[in-house]
Every structure is written in C-alpha cells, then in structure tokens.
Amino acid sequence: MSKIEVKKEAKYDFGLIGLGAMGMNLLLNMGDHGISATGYDTDPAKCELLDQEGKRTHLKGFHDITAFVAGLKKPRAIIMLVPAGKIVDDVIAELAFLLERGDILIDAGNSYFKDTERRSKELSAKGFHFIGMGISGGEEGARRGPSLMPGGDREAFDVIKPVLTAIAAKVDRTPCVAYIGPGASGHFVKMVHNGIEYGLMQLIAETYEILKKGLHMNNEVIGALFNKWNTGRLGSFLLEITAYIFTYKESGQQHFLLDEIKDEARGKGTGKWTSQVAMDLEVPVPTIDIAVSMRDLSRYKNLREQAAELYNEPARLGLVPVGFLNALEEAFYISMMMTYAQGMHLLAKASEIYGYKLDLGEIARIWRGGCIIRSAFLSDVAKAYQAEPALPHLLLDKHIQRLVANAETGARKVLSATVTAGIATPAYAASISYFDAFRSQRMPANLIQAQRDLFGAHTYERTGQTGVFHTQWVIEEERDHRLI
C-alpha cells in the first residue's frame with residue numbers, strides 16, 4: 001500500500017459513526033482538545049444534540065452519510081462506535097462506496113478479534129487502512145480520557161496518533177495509549193482486559209457475599225470498608241465505584257438501590273471469548289472461567305429459588321477469627337494478583353502464537369488510567385515487564401513474589417471459614433488453587449497420563465528419558481476379572 005498523503009481541503013479532521021453515549025462523549029472529548037470532528041447517526045435528534053453540545057468547539061452532526069464523508073479531510077479517518085457483529089460489516093459496506101483508497105477506518109467497538117482479522121484483510125485488499133481499537137473507560141472515560149488500545153495498520157496509526165494521544169487519559173502526564181501491534185492485536189488485548197474485568201468483579205461480588213451473608217454487615221458498613229480498602233494497595237476504579245454503589249439511594253427513596261436490583265448478571269460475551277480463546281491456546285485462566293460460569297449460574301434464578309427451599313442457606317460465618325477483615329483484604333489482594341497474572345499469561349501466549357509482539361509493560365502502563373480495570377497494582381505489573389520484557393509469567397517476578405507471600409496466609413483463613421460456613425467463594429478458591437498448582441514442582445498429572453494410557457493407550461512420557469511410551473498395564477484376562 002502506498003504511503004498515506006495528508007490533504008486538507010475539507011473542514012473536519014476526524015469522523016465518528018454512532019452517536020450513542022460513548023460516541024457522543026468521545027466527540028466532545030475531541031472538541032475539548034481543539035480537534036475539528038464530525039459525527040454521523042441515523043437519528044437526527046442525536047445529530048442536533050451534538051451540534052448543541054459542541055457549539056463552543058468545532059463539532060458537527062450529520063444524519064446524511066454522504067455529506068458526513070464529504071466533509072472530512074483526506075485521508076479520511078473514521079471511527080465506528082457501533083455494536084459488534086453484523087452491524088460493523090453493514091457500516092463498512094455502506095462506507096466502501098463513499099471512501100477512497102488510503103482512507104482509514106477504525107473499529108472501536110468490542111469486536112471479536114477474528115472478525116477484526118478478516119476485516120483487516122478484506123479492507124487492505126481494497127486499498128483501505130484498518131485499525132481495530134479497544135476502548136476502556138465507559139461513558140465517563142470517553143468524555144474525560146479513556147485507555148486506548150489501537151492495533152493493525154501501523155502507518156494509519158501514525159496518522160491518527162496525535163488525536164488519540166490528545167483524547168486519552170493521562171497518568172504522570174503520559175497518555176494511556178500505545179500502538180499494540182499488527183492485525184487484531186488491539187481487539188485481542190481489549191478482550192483479555194474484559195476477561196480480567198470479569199474476574200475482578202466476581203471477586204468483589206464474593207467479598208460482598210462474605211460481608212453481607214456471612215458477617216451480616218449492612219450496606220453503609222460495607223461501603224465504608226471498601227472506601228478504606230480503596231485508599232491502600234487495593235485502590236482501583238472498580239472498588240471505588242463499588243463503595244459508591246453501597247451508599248446510593250434514588251431521589252426521594254429511603255432504601256438503597258442495590259437491594260432492589262435482581263441478582264442476575266449479564267454480559268456482552270467478551271468474558272466468554274476470553275475463556276474460549278484461553279482454552280484454544282491452552283492457557284489456564286480459572287478465575288476468569290469461574291467468573292463467566294457464575295454469571296451464567298446467576299441467570300438460573302428459578303432453579304436457585306427451588307434449591308433454596310430444599311437446602312438451608314448459611315446464616316453467618318459463626319466464630320470469626322481475630323483479624324478476619326485484614327485476612328479478607330489479603331485474600332482479595334492475592335486473588336486480584338492471580339487474575340491479572342492469568343490475563344497477562346494469556347497475552348504472552350497469544351503474542352507468540354499470533355505474532356503480535358506485544359509489549360506487556362506498555363499494555364499494563366496504558367491500563368493504569370482511564371480504563372475499567374485500572375488499579376494501583378498495575379504499576380507493579382508494568383514495572384515487572386519493563387524490567388524484564390521477556391518475563392514468561394508475572395508470578396516469576398521477584399517483587400511480585402514478595403507481594404504474594406505477604407498475602408497468602410489471609411487467603412487461606414478466609415477460604416477455610418467460607419467453605420466451612422457454606423458461603424460460595426469460587427473465584428477466591430480458583431485463584432488460590434491456581435497459585436498452589438502453579439508453584440507445584442510436581443503435579444498429579446502423571447496419574448492422569450497413566451489412566452489415559454491404561455484405558456485408551458494414549459501413551460505418556462517418562463522422567464529422565466526421551467521418547468513416548470505405552471504400557472500393557474494388565475493382560476486381558478486379568479483386566480476383565482478386575483472390572484467385574
């Protein structure tokens with residue numbers, strides 16, 4: 001593809017399709033930074049709202065796509081913020097008749113990375129530049145500064161980099177955006193980000209379960225505890241908003257909104273994708289896996305209600321050991337570390353398999369601001385990979401090892417208490433079991449291999465010897481006798 005030449009005969013530097021809350025806020029963010037931008041939506045009311053909101057800046061709304069494209073400087077740079085799936089392909093098909101070779105399309109939705117790979121190849125063949133860009137931070141992040149994860153066409157990224165740098169969140173005056181890598185790497189990294197998000201949210205939910213069901217704490221006390229934790233090493237966006245949720249009452253109401261929300265959790269599929277891809281790449285992410293499963297289980301409320309009539313639910317933890325809340329803080333901390341570690345391991349493996357050449361230190365750095373999973377611990381993650389870019393696993397970093405060692409005891413106290421009381425803490429259990437298995441020099445997998453070889457002649461390897469082996473474990477007559 002020929003080098004991109006920038007021509008400036010039109011008015012607007014950037015275009016955006018989809019004026020929902022995210023798209024609208026991202027355009028207002030651009031306007032705040034002096035970027036002339038235009039938005040397109042089929043709803044005229046949204047276009048009028050953009051015109052009103054952007055009066056003081058150089059923003060314009062269009063509900064005619066031809067006029068929208070015509071108003072952009074060349075090479076045209078257009079962000080698509082529409083629901084993942086067929087709608088993205090439909091928008092691309094509509095734009096293809098209006099764009100010229102060398103124009104740049106950016107898919108900033110939560111698209112599945114394999115769809116992004118396909119689109120990248122198709123658009124490149126037609127002479128267009130394509131970027132799959134993950135955005136994290138929600139509506140507020142889009143307005144005030146998100147974390148941006150662009151991957152794909154490097155030449156196109158260099159053209160739009162000044163805009164992305166301007167609108168991204170800043171930590172230590174450094175923008176939370178970086179070129180992720182080729183192909184669908186940007187959307188892959190965002191998918192794993194969302195998987196980590198699932199795991200962290202499940203850990204917080206289980207902590208709520210322990211405090212509410214096990215210790216009979218009320219909402220104000222739980223909110224205050226989360227606020228306290230948020231000022232220390234557990235500091236994170238998710239913990240911050242959780243503390244706020246526990247204090248929220250709708251206008252004119254005396255009860256907390258949280259208590260009125262049905263206990264069925266949903267999602268948009270990105271957590272499931274993370275688990276599925278991890279299975280394909282043979283990378284264990286058990287905390288993320290169980291978080292997805294627990295959301296699924298929550299939706300079987302009718303069955304859970306029937307089961308509750310048959311089985312007694314736990315009343316409380318009983319005799320709570322001294323320092324239990326401190327132990328719970330430790331349990332959350334180590335489980336949080338395991339969740340990030342699993343996600344980073346998956347990124348490392350994907351980088352190797354797909355040729356993404358991911359810079360894990362940079363990824364951790366840009367996640368420190370603007371995004372949903374931003375946390376104090378990400379600074380430790382970034383430092384670990386910056387010190388050793390080829391670090392094969394986060395838990396092999398010496399500093400991380402010390403952090404884990406200092407939190408391990410509390411986690412075991414909490415799990416002992418919750419299992420005894422019958423309070424479900426599967427993400428906590430998965431996190432600690434992952435750690436115990438990871439640090440095990442010899443796992444019981446040798447027995448599994450022996451079983452597989454006995455019943456299916458699947459072979460095995462021996463310690464201290466090379467090659468593949470099979471054993472005739474029993475003669476046929478003896479086997480038949482033993483199975484009777």
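# Exercises on a predicted model

In α16, the buried residues are Phe377, Leu378, Asp380, Val381, Ala382, Ala384 and Tyr385. The model is a predicted one.

## Exercise 1. The cover of α16

Task: state what covers the buried residues of α16.

Solution.
1. The residues to be covered are Phe377, Leu378, Asp380, Val381, Ala382, Ala384 and Tyr385.
2. Their cover includes α14, α15 and α17, the last of these spanning 398-421.

## Exercise 2. A serine in a loop

Task: locate Ser375, decide whether Ser375 is buried or exposed, and list the residues in contact with Ser375 beyond four places in sequence.

Solution.
1. Ser375 sits in the loop that runs between α15 (360-366) and α16 (377-387).
2. The relative accessible area of Ser375 is 8%. Buried means under 20%, so Ser375 is buried.
3. With neighbours within four places in sequence set aside, the contacts of Ser375 are Gly235, Ser236 and Tyr340.
4. With Tyr340 there is also a polar contact: the two side chains are joined at 3.0 Å.

## Exercise 3. The enclosed space

Task: find how many cavities of 30 Å³ or more there are, and describe the lining of the largest cavity.

Solution.
1. The count of cavities of 30 Å³ or more is one.
2. The largest cavity holds about 50 Å³ of space.
3. Its lining consists of Leu200, Ile204, Leu234, Ser236, Leu238, Phe332 and Met336.
4. Sorted by class, this lining has six nonpolar residues, one polar residue and no charged residues.
5. At least two lining residues come from each of α8 (185-214) and α14 (324-354).
6. Ser236 belongs to this lining, and Ser236 is also one of the contacts of Ser375.

## Exercise 4. Two pockets

Task: describe the largest pocket and the second largest pocket by volume, central residues, contributing elements and residue classes.

Solution for the largest pocket.
1. The volume of the largest pocket is about 1,800 Å³.
2. The lining has 44 residues, and those closest to the centre of the pocket are Ala205, Tyr208, Glu209, Asp263 and Ser298.
3. Two or more lining residues come from each of α8, α10 (237-245), α12 (286-298) and α13 (301-310).
4. The element that gives the most is α8, with 11 residues.
5. By class, the lining has 24 nonpolar, five polar and 15 charged residues.

Solution for the second largest pocket.
1. The volume of the second largest pocket is about 870 Å³.
2. Its lining has 34 residues; closest to the centre are Met22, Asn110, Lys190, Asn194 and Lys268.
3. The elements giving two or more residues are α1 (21-32), β6 (129-136), α6 (138-144), α8 and α11 (270-281).
4. Here α8 supplies the largest share, six residues.
5. By class, the lining has 13 nonpolar, 13 polar and eight charged residues.

## Exercise 5. Two cysteines

Task: explain why the sulfur of Cys371 is not bonded to the closest cysteine sulfur, and state whether Cys176 is buried or exposed.

Solution.
1. A disulfide is a covalent bond that links the sulfur atoms of two cysteines.
2. Searching the whole structure gives zero disulfides.
3. Cys176 takes part in no disulfide, and the nearest cysteine sulfur to Cys176 is that of Cys371.
4. A disulfide needs the two sulfur atoms within 2.5 Å. The sulfur of Cys371 lies 7.7 Å from that of Cys176, so the distance is too far for a bond.
5. Cys176 has 0% relative accessibility and therefore counts as buried. Cys371 is buried too, with a relative accessible area of 0%.

## Exercise 6. An aspartate in a strand

Task: place Asp107 in its element, decide whether Asp107 is buried or exposed, and name the residues that Asp107 touches.

Solution.
1. Asp107 is part of strand β5, residues 104-107.
2. Its relative accessibility is 0%, so Asp107 counts as buried.
3. Not counting residues up to four places away in sequence, Asp107 touches Met80, Val88, Arg119, Phe130, Ile131, Gly132, Met133 and His187.

## Exercise 7. A methionine in α11

Task: decide whether Met279 is buried or exposed, and give the separation of its C-alpha atom from that of Leu346.

Solution.
1. Met279 belongs to helix α11.
2. Exposed means over 50% relative accessible area. Met279 has 60% relative accessibility, so Met279 counts as exposed.
3. Met279 and Leu346 are 67 residues apart along the chain, and their C-alpha atoms are 10.0 Å apart.

Key: Residues are numbered from 1 along each chain as its sequence is written. This is a predicted model: local features need pLDDT of at least 70, side-chain atom pairs count only at pLDDT 80 or more; totals for chains, interfaces and linings use all residues. Side-chain values use heavy atoms; hydrogens and water are left out. Helices (H or I, at least four residues) and strands (E, at least two) are DSSP runs, numbered from the N terminus. Buried means under 20% relative accessible area, exposed over 50%, partly exposed in between (1.4 Å probe, protein chains only). A polar contact is a pair of N or O atoms within 3.5 Å; within protein, one must be able to donate a hydrogen and the other to accept it, and residues adjacent in sequence count only if both atoms are side-chain atoms. Contact means heavy atoms within 4.5 Å. On a 1 Å grid over the protein atoms alone, a cavity is a set of points where a 1.4 Å probe fits but cannot get out, and a pocket is an open set with protein on both sides within 12 Å along at least five of seven lines; lining residues have an atom within 4 Å of a point. Grid points are joined across faces, edges and corners, and a volume is the space filled by probe spheres set on the points. Ala, Val, Leu, Ile, Met, Phe, Trp, Tyr, Cys and Pro count as nonpolar, Asp, Glu, Lys and Arg as charged, and the others, Gly among them, as polar.
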